[in-house]
Amino acid sequence: MSLRTKLILLFTITIAVSVALVTWIATLRIRQAFNAADAQHTAALITQFRQEFARRGQEVTSSLSGIAEGEAVQRIALEALKPAPDYSTFVDEARALAESHQLDFLEIVAPDGTIISSAQWPARFGYKEEWLTQAAPDWSAQPAFLKREELPDGPALALVAVRPVRVAETTLFVTGGIRLDRQFLKSLVLPSGMRALLYTNTAPGFAALSLEDAKGPVTNAAKLAPLIQKVQVRPAEISSVVQWDATPAGSEAFQAIPLQGRNDELLGILLIGTSRRDLVEVQTRVRNIAFIVGGIGIFVGLLLSAWAASRVTRPVERLAAAATEVAAGKWNTQVEISGSDEIAQLADSFNQMTRELIEQRDRLVQSERVAAWRELARRLAHELKNPLFPLQITIENLVRSRDVGPEQFDEVFRESTTTLLAELSNLKAIIGRFSDFAKMPTPQLQFVNINEVVRRALKTYEAQLTGVPHPSPSGEGANRPAITAKLEFHDGIPEVLADPELLHRAVSNLILNAMDAMPNGGTLVLRTRQNDGSVRIEIADSGTGLTKEECARLFTPYYTTKQHGTGLGLAIVQSVVADHHGRIAVESEPDRGTTFRIDLPVRPETHHTGDARGASVQ
Amino acid sequence: MVAHAATRPHYGGTLRVESRAALPSLDPSQSIAPAEIALRDSVLSLIGDTLVALDANARPIPRLATRWQSDNGNKRWQFWIRPGVFLHNDASLTPAHVAQSLAAINPNWKVRANSDYIIFESELPLPELPVELSRPSYTILSRASGQLVGTGPFRIEDFQPARRLVLRANDDYWNGRPYLDAINVTLSVPLRDQALHLQLGQVDLIELAPDQVRRTSQDNRRVATSAPSELIAMVVPNGSSPAEDPRLRQAISLAIDRVAINNTLLQRQGEPTAALLPQWISGYAFLFPSNRDLDRARQLRAEVHSAQAPVTLAYDPADALARTIAERVAVNARDAGIAIQPVPAMTNNGAAAKLVRIPASSANSHAALASIASSLDGAELPRVLTAGTPENLYAAERALLDDFRIIPLAHVPESFALSPRIRNWTAPRYGGLPLHSVWLEAAQEAAK
């Protein structure tokens with residue numbers, strides 16, 4: 001994925017996440033604000049309900065007090081004083097009194113609890129209201145309370161009070177009140193979006209017909225059954241959200257408040273419903289706006305990010321391309337500079353770097369060239385000085401011998417001419433080696449068994465490895481300690497496409513170097529093995545080893561660690577290996593020997609390694 | 001009973017009467033609601049005459065028939081028609097008129113007219129036929145030209161069902177002209193309005209419900225009350241699925257606290273009863289126990305295993321007392337685990353039961369029972385007319401009550417409130433409006 005794509009993606013994601021975050025926070029805040037407002041409204045409504053409840057209770061109490069002190073009830077009380085009171089003429093009193101005092105319920109009850117007259121259920125005269133006499137508190141001090149009132153068409157929820165009527169030794173009771181129903185709910189002032197429902201808890205379990213709001217029975221009341229049943233199990237304020245339909249706006253939050261009677265029995269449940277429609281609509285509006293803003297933002301962001309990314313990435317891309325060219329060897333690559341920002345500074349630095357690289361390379365080449373020429377001059381001077389000095393001495397002896405006798409002169413002459421010829425021959429050899437290095441032949445490739453090449457090269461030096469005194473290959477010294485050669489060949493090694501003579505020459509040079517590195521004898525290990533697509537040749541000695549600095553310069557032409565070396569041996573080896581698209585590496589530590597490793601591809605054209613030609617040092 | 005012996009009877013004046021009855025028809029051949037029967041019977045007694053009347057001891061005495069005799073084991077009867085009686089259309093009453101009138105009321109009878117008498121023939125013996133013919137429903141009426149024309153002390157001047165009835169005195173009445181010139185009856189007036197109108201002096205005679213009697217008396221109003229003769233009962237027609245099980249109906253009957261209904265709702269004006277005829281007529285009403293037996297009621301209810309749907313009990317929505325009684329029945333039945341739902345519907349549309357008020361219409365037990373039976377839909381008295389002994393009457397009544405399709409609750413009197421100017425109120429013990437003998441005090445006298 002390109003940097004530009006990444007940047008565009010980053011910008012887009014950032015904008016989208018920002019819009020989503022803002023939307024989420026806004027939605028959250030709105031919900032919190034609505035919830036807080038709903039909670040306030042609900043609390044206000046509950047307070048209003050309780051105030052209305054208390055106010056109605058006071059009205060009921062006041063009405064009952066008036067009835068109790070009225071003439072009609074006093075007449076009944078007087079009748080009660082008789083030994084055999086006849087209440088039959090008063091059977092309709094309660095109805096008339098209830099109408100005049102605007103009460104839904106009114107009963108006049110005899111001292112023994114017998115109903116004398118009932119407004120809400122006239123036919124119940126003669127029945128007993130045992131709750132009035134069984135638990136007899138000071139009714140005159142009791143405020144209004146909730147009560148389940150039995151009616152011909154079923155029980156109802158009532159706000160009632162009791163007022164005793166004392167005449168002499170007897171006490172009549174006047175009990176009555178108002179019905180808590182939709183009319184009561186209608187009297188509540190409800191904020192928009194809120195409603196109050198009343199559930200009359202007439203029987204265990206949920207009864208849909210017992211639930212009504214100010215307009216009447218609630219449709220689809222069964223949805224509220226779980227909430228009501230919870231309150232029935234544990235009378236406490238409980239909140240719940242009811243989903244009336246599949247739309248998000250079709251939900252309504254309900255707060256259930258238990259309405260309990262004098263003995264804490266659950267008589268009813270007030271449900272304050274708050275429609276979530278407004279909240280959902282605002283949330284939907286915010287979300288839609290967020291989608292629009294987000295969409296526009298993402299679109300604009302894409303444009304801006306594309307533009308910004310192009311401004312940022314184009315120079316970077318140019319830099320990357322330039323760096324790739326530099327890596328490919330095109331050191332004179334320059335990057336166009338526009339502006340003065342960090343990217344421009346980076347481009348300028350890049351251009352500066354490439355310029356300095358070229359300059360340093362030129363200087364290095366120049367210095368290496370000078371150093372090579374110096375080394376070449378030193379080597380030439382050294383190589384040529386050795387035969388020139390005997391030549392000079394021999395010629396001077398020959399000049400001086402003209403003054404001695406002819407016999408001596410002839411002898412000197414013979415010896416001198418022999419020496420001269422030998423030194424001249426030596427000079428020719430030196431020149432020939434330089435000439436050979438300058439004229440490395442082109443490899444004549446053929447399938448070659450590496451093991452055979454190594455074995456043949458070793459065979460060349462077999463005599464010097466036996467330990468018998470013999471002159472060194474370089475002509476120095478007469479005897480040298482024995483060197484033990486060990487061959488560790490891989491039998492199944494594949495044939496490689498190579499020039500056997502050039503390989504023989506390279507391996508011979510390395511064996512010779514190894515022998516030179518073991519003046520006191522040692523072990524020479526020749527090893528071949530197969531790697532993935534290549535073969536390896538290892539020539540290891542147990543000689544004096546090399547320092548890191550020596551290793552670093554080992555393949556430099558004309559560099560040698562030997563007293564009389566030309567410094568061309570390893571250069572030739574490297575040249576041969578490079579011509580076969582292989583690699584050569586050296587691993588050495590002082591006093592622990594040196595190991596050369598040559599890796600040759602089985603098929604040279606498939607393993608082009610460039611000029612690296614690979615020499616590496618470990 | 002009101003009597004002003006020191007005052008000389010006064011002719012003239014119009015009596016103003018109000019009734020809650022709608023009185024859809026005056027023709028006794030047409031069926032009307034039981035609550036309408038009392039007023040219709042009273043009106044029939046004003047516009048016409050029966051062949052036979054009953055004396056103070058409920059024995060038959062001549063009326064339009066001067067004499068009668070039976071033979072062939074009471075299967076053949078002859079009634080001699082009174083001569084010199086004229087219909088309101090000035091036509092002379094003939095046996096043919098009488099035969100047509102009776103045949104129209106009871107098509108099952110074979111009635112033939114002769115020169116001056118009529119002949120009844122029946123396959124079954126009719127020992128109580130004279131008593132039967134004393135019932136107001138057998139008032140002799142001519143239906144010539146689509147109008148009812150009788151021989152009574154008053155003739156119909158204007159009749160608008162559910163609105164008004166105007167009767168004018170028949171100057172040529174064979175038994176002497178009535179004192180009143182006219183009677184104006186305003187129909188379909190609620191009891192409360194009637195009481196108000198009486199207080200305002202806009203009416204002379206109004207009906208009183210039993211629960212109004214005591215209060216009206218306490219208000220020093222004139223109240224005329226008959227003996228308890230009107231039956232208040234709960235009737236369960238055939239095919240009433242929620243109450244089809246007789247054990248359930250019996251349980252309802254046993255659960256009802258009739259004493260409380262009488263003492264409180266009827267203000268002790270009536271008599272709690274489980275019989276059709278009041279004790280003062282039949283003499284055996286005590287044989288029908290009316291006490292409440294809630295345990296037995298619950299036991300019977302438990303025996304009815306099926307889940308019981310509420311038994312709807314229809315009552316006259318214009319009758320507040322009927323509503324309260326129906327509700328009381330429901331409250332009592334609830335104690336036995338029976339659900340009864342009072343519904344305000346007089347037409348009994350779909351209701352499982354109905355609350356009815358049936359006047360006795362006669363002091364004679366045979367005639368009264370026949371009258372009550374004829375007022376009940378589907379009730380039949382197969383043996384009543386064939387054997388008029390007390391034992392047979394009791395058996396017939398027992399047969400009517402055995403399956404508890406009729407659940408008597410109370411007998412209540414007919415009660416009226418009268419203005420001070422009404423004089424000579426001589427109502428029979430079983431009730432009715434004795435307006436043929438009433439006269440009105442002159443305005444000056446009334447003012448005193």
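Biologist: Which residue of β5(B) is the bridge partner of R67(B)?
Modeller: In this predicted model, R67(B) is bridged to W80(B).

Biologist: What makes β4 and β5 of chain B a pair of strands?
Modeller: Two strands pair if at least two bridges are found between them. Strand β4(B), residues 65-71, and strand β5(B), residues 76-81, have six bridges, in the antiparallel sense. Six meets that cut-off, so they are called paired. Another match along β5(B) sets I81(B) opposite A65(B).

Biologist: What happens in the hairpin of β4(B) and β5(B)?
Modeller: Four residues lie between the strands. N72(B) takes a positive phi there, near 55 degrees.

Biologist: Which residues of β5(B) are on the covered face, and which on the uncovered one?
Modeller: W77(B), F79(B) and I81(B) make up the covered face. R76(B), Q78(B) and W80(B) make up the uncovered one.

Biologist: How do you know that β5(B) also pairs with β7(B)?
Modeller: Count the bridges again. β5(B) and β7(B), residues 117-121, are joined by five, in the antiparallel sense. Two would be enough, so this is a pair as well. Within it, F79(B) is bridged to I118(B).

Biologist: Why are β8 and β9 of chain A said to stand at the edges?
Modeller: Start with their sheet. It is open and antiparallel, with six strands in the order β8-β7-β6-β11-β10-β9 of chain A. β8(A), residues 216-217, and β9(A), residues 238-243, each have a single partner strand, so one side of each has no neighbour in the sheet.

Biologist: Over how many bridges do β9(A) and β10(A) pair?
Modeller: Over six, in the antiparallel sense; β10(A) covers residues 251-260. One match there is V242(A) with E252(A).

Biologist: What makes the phi of D264(A) worth a remark?
Modeller: Most residues other than glycine have a negative phi. D264(A) is not a glycine, yet its phi is positive, at about 65 degrees. D264(A) is found in the loop between β10 and β11 of chain A.

Biologist: Why is D264(A) called exposed?
Modeller: The cut-off is 12 or fewer other C-beta atoms within 10 Å. D264(A) has 9, so it counts as exposed.

Biologist: And A58(B): why is it called partly exposed?
Modeller: A58(B) has 19 C-beta neighbours inside 10 Å. Buried needs 20 or more, and exposed needs 12 or fewer. The count falls in between, so A58(B) is partly exposed. A58(B) also has a positive phi, near 65 degrees, without being a glycine. Its place is the loop between β2 and β3 of chain B.

Biologist: How do you know that α12(A) is largely enclosed by the rest of the structure?
Modeller: Of its 18 residues, 14 are buried, so the rest of the structure largely encloses α12(A).

Biologist: What span is expected for α12(A), and what does the model give?
Modeller: At 1.5 Å a residue, 26 Å is expected. From first C-alpha to last, this helix, residues 500-517, reaches 25 Å, which is close.

Biologist: Which residues of the largest nonpolar core touch the most other members?
Modeller: L172(A), A233(B), M234(B), L313(B) and I325(B), out of 198 residues. Beyond its neighbours within four places in sequence, L172(A) contacts residues including V73(A), I76(A), I108(A) and V165(A). Another core, of 39 residues, lies apart, with I483(A) and L503(A) among them.

Biologist: How many residues of each chain are in contact across the two chains?
Modeller: 12 of chain B, with nine of chain A. On the chain B side, α7(B) and α10(B) each supply at least two residues. The largest share, five residues, comes from α10(B). That side divides into four nonpolar, four polar and four charged residues.

Biologist: What share of each chain counts as buried?
Modeller: In chain A, 30% of 618 residues. In chain B, 52% of 448 residues.

Biologist: How many helices and strands are there in each chain?
Modeller: Chain A has 14 helices and 19 strands. Chain B has 13 helices and 19 strands.

Notes:
Residues are numbered from 1 along each chain as its sequence is written. Chains are lettered from A and ligands numbered from 1 in the order in which they are written. This is a predicted model: local features need pLDDT of at least 70, side-chain atom pairs count only at pLDDT 80 or more; totals for chains, interfaces and linings use all residues. Two residues are in contact if their C-beta atoms, placed from the backbone, lie within 7 Å. Ala, Val, Leu, Ile, Met, Phe, Trp, Tyr, Cys and Pro count as nonpolar, Asp, Glu, Lys and Arg as charged, and the others, Gly among them, as polar. The expected span of a helix is 1.5 Å times one less than its number of residues. A nonpolar core is a set of buried Ala, Val, Leu, Ile, Met, Phe, Trp, Tyr and Cys residues joined through C-beta atoms within 7 Å.
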